[in-house]
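These entries record what I looked up on helix packing and on pockets. I took the helix pairs before the pockets.

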Amino acid sequence: MEKPSEFRALVQGGTAGAVALCVLGTPLDVARHAAQTVISKKRPYPGFREAFKASASPLSGLYRGIGPALCFSVISPAAFLVAYEVQRGGTEVIQAGMFARAVQVIASQPFEYFRTSRQAVALLPEKERVHLVRTPWEVATGDGPRT
């Protein structure tokens, strides 16, 4: 059997780690975002157990937002590494790193927004969650670019 190249092994290991982190961490994120969303003066603060139970009905609710989370875990490091490598040859290392971080944030922020908004709806009443369950197309055409 042929030994995989160093780059291929690095990509495979990184992918496996990102998927495992998303699969194991998403249920906790769902409960956390759901609890944070309903905090107000009118309602008592929900405990972790209440948020987790509400998120888990149905069981697939624990994995709300896993699609954007997986996309984020792929896009974020890829955007940073590509931007850094492109800039590294002609600029100082610190400038290349700052530019790469800016590109990383710009490229991955939409995925972070949709992940968080999908995870936040578990404890909200139906009429209050309408703005959080919009599709990317609805957000792009309805909100438009902001200044």
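Entry 1, α3 and α4. I began with the handedness of this pair and found that α3 passes α4 in a right-handed crossing. I note here that the model is a predicted one. I then looked up the class of the residues in the contact of α3 with α4: 18 are nonpolar, five are polar and four are charged. For the geometry, I read that the axes of α3 and α4 come within 8 Å and cross at roughly 160°. An angle over 145 degrees counts as roughly antiparallel, and α3 and α4 are therefore roughly antiparallel to each other.

Entry 2, α1 and α3. My next lookup was the pair formed by α1, residues 6–37, and α3, residues 66–88. Their axes come within 10 Å, with a crossing angle of roughly 145°. The crossing of α1 past α3 is right-handed. I listed the contributors to this contact: α1 provides A18, V19, C22, V23 and T26, while α3 provides I66, A69, L70 and S73. Sorted by class, the contact of α1 with α3 holds seven nonpolar residues, two polar ones and no charged ones.

Entry 3, α1 and α2. I asked at what angle the axes of α1 and α2 cross. For α1 and α2, which spans residues 48–55, the axes cross at roughly 110° and come within 8 Å. The range for roughly perpendicular is 65 to 115 degrees, so α1 and α2 are roughly perpendicular to each other. I recorded a right-handed crossing where α1 passes α2. On the α1 side I found P27, L28, V30, A31, A34 and A35, and these meet F48, A51, F52 and S55 of α2. The contact of α1 with α2 comprises nine nonpolar residues and one polar residue, with no charged residues.

Entry 4, the largest pocket. I turned to the pockets and noted a volume of about 340 Å³ for the largest one. Its lining consists of F7, L10, V11, G14, T15, A18, S73, V74, P77, A78 and L81. I then asked which helix supplies the largest share of this lining. The largest share is that of α1, with six residues. Both α1 and α3 supply at least two residues each to the lining of the largest pocket. I counted eight nonpolar and three polar residues in this lining, and no charged ones.

Entry 5, the second largest pocket. I noted a volume of about 170 Å³ for the second largest pocket. I found it lined by A18, L21, C22, G25, T26, D29, A69, F72, S73, E112 and R115. Three helices, α1, α3 and α4 (93–119), each supply at least two of these lining residues. Here α1 gives the most, with six residues. By class, I recorded five nonpolar, three polar and three charged residues in the lining of the second largest pocket.

Entry 6, cross-check. I compared the residue lists for recurring names. A18 and S73 belong to the lining of the largest pocket and also to that of the second largest pocket. A18 and S73 are likewise among the residues that make the contact of α1 with α3.

Methods: Residues are numbered from 1 along each chain as its sequence is written. This is a predicted model: local features need pLDDT of at least 70, side-chain atom pairs count only at pLDDT 80 or more; totals for chains, interfaces and linings use all residues. Side-chain values use heavy atoms; hydrogens and water are left out. On a 1 Å grid over the protein atoms alone, a cavity is a set of points where a 1.4 Å probe fits but cannot get out, and a pocket is an open set with protein on both sides within 12 Å along at least five of seven lines; lining residues have an atom within 4 Å of a point. Grid points are joined across faces, edges and corners, and a volume is the space filled by probe spheres set on the points. Helices (H or I, at least four residues) and strands (E, at least two) are DSSP runs, numbered from the N terminus. Ala, Val, Leu, Ile, Met, Phe, Trp, Tyr, Cys and Pro count as nonpolar, Asp, Glu, Lys and Arg as charged, and the others, Gly among them, as polar. Axes are lines fitted to C-alpha atoms, for helices over the stretch in contact, and angles run from 0 to 180 degrees between N-to-C directions. Angles under 35 degrees count as roughly parallel, over 145 as roughly antiparallel, 65 to 115 as roughly perpendicular and the rest as oblique. A crossing is left-handed if the near helix is turned anticlockwise from the far one by less than a right angle, and right-handed if clockwise. Contact means heavy atoms within 4.5 Å.
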